[in-house]
Amino acid sequence: MDRFTAMEAFVRVVESGTFTKAADALGRPKTAVTRLIQQLEAQLRVKLLHRTTRRVTVTPEGMTYYQQALRLLGEVRDLEATLSQTRRGPRGRLRVESSGTISRLLLIPALPSFYARYPQMHIELGVSDRVVDLLSDNVDCAIRGGAVKDESLVARHLGDLCYWLCASPQYLERHGTPLHPLELAGASHAVVSYFSSPSGKELPFVFVRDGERLEVQGRSLLTLNETNAYLAAGLAGLGVMFAPRFVLEPYVASGELVQVLNGWRPESRPLFLVHPPARQPGAGLRVFIDWTMELFASRSNLWRHEG
């Protein structure tokens, strides 16, 4: 038995929660991973995992071994990455998750500059508004808006996104221009609503003005959970919408959307890059984090409400 390989297989099983996912992540047959864990338990003379037909859980002894194994594997990878980077720069695959608008408008257009610096890196970009489990889905890092509720994640604050409130000219011709946020909850207006995939709850419109904070649950005709579809609904005149400034700005400039309630502004929302704390960031992840921080810091229109 290769002790290092068995240790890596054990860590993958703990993080993913199943032998099947661990085998997929390692590119090995499930039977080979099972055999490695069995050999490891026999070598250590201790039970590391409790197995059921649906889930794998870690024993107290297994958790102790997992934490130490994670540290050792991280040190080995760091040593290899340091030597590799010194010789030819960082290389390898990196799994990143991000929303559709962040990916389409910010990350993907800027990626040529990333590959110019790090030509041997390969990024697998998962694009959706779904909040994935970074460990079980084997994701290296994610860009997320809003408060980071999982306190175990390492979160790097990219900034506070400013939002605009807009409607299409066709909508305003039919319904008039709202003068106060509370009008959005009345019968004369409609909003395009966004719902959270994990909770299924519609997100309220939150406004701030001169230190006052006002939360409004608008009257909605359509509720969506994907940002590009949400934008399409606003452009189609289905209601008043709010979205990050960098998303709406081109449509306001072209006249396809009009800013409304300018005296009130939607509350800013923090944006974070998050990654699992247990994994020691390798050279590839470190350079991607640095590049992303640099990219977002250079985009001043993400954070300012006024043009």
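What follows is a short chat about strands, helices and cores in this structure.

This is a predicted model, where local features need pLDDT of at least 70, side-chain atom pairs count only at pLDDT 80 or more, and totals for chains, interfaces and linings use all residues. Residues are numbered from 1 along each chain as its sequence is written, and side-chain values use heavy atoms, with hydrogens and water left out.

Biologist: What is the order of the open sheet of three strands?

Modeller: Strands here are DSSP runs of E, at least two residues, numbered from the N terminus, and two of them pair if DSSP finds at least two bridges between them. The edge strands, E10 (212-216) and E14 (265-266), each pair on one side only. With antiparallel pairing, the order is E10-E9-E14.

Biologist: Which residue is the bridge partner of Val208 in E14?

Modeller: Strand E9 (residues 205-209) runs antiparallel to E14, and two bridges join them. In E14, Val208 is partnered by Arg265.

Biologist: At what angle do helices H5 and H7 pack?

Modeller: Helices are DSSP runs of H or I, at least four residues. Axes are lines fitted to C-alpha atoms over the stretch in contact, with angles from 0 to 180 degrees between N-to-C directions. Angles of 65 to 115 degrees count as roughly perpendicular, so H5 and H7 are roughly perpendicular to each other. Their axes are 7 Å apart, and the angle is about 85°.

Biologist: Which helix gives the most to the largest nonpolar core?

Modeller: Such a core is a set of buried (under 20% relative accessible area, 1.4 Å probe, protein chains only) Ala, Val, Leu, Ile, Met, Phe, Trp, Tyr and Cys residues joined through side-chain atoms within 4.5 Å. This one has 54 residues, and Leu184 is among those touching the most other members. With seven residues, the top contributor is helix H9.

Terms used: Angles under 35 degrees count as roughly parallel, over 145 as roughly antiparallel, 65 to 115 as roughly perpendicular and the rest as oblique. Buried means under 20% relative accessible area, exposed over 50%, partly exposed in between (1.4 Å probe, protein chains only).
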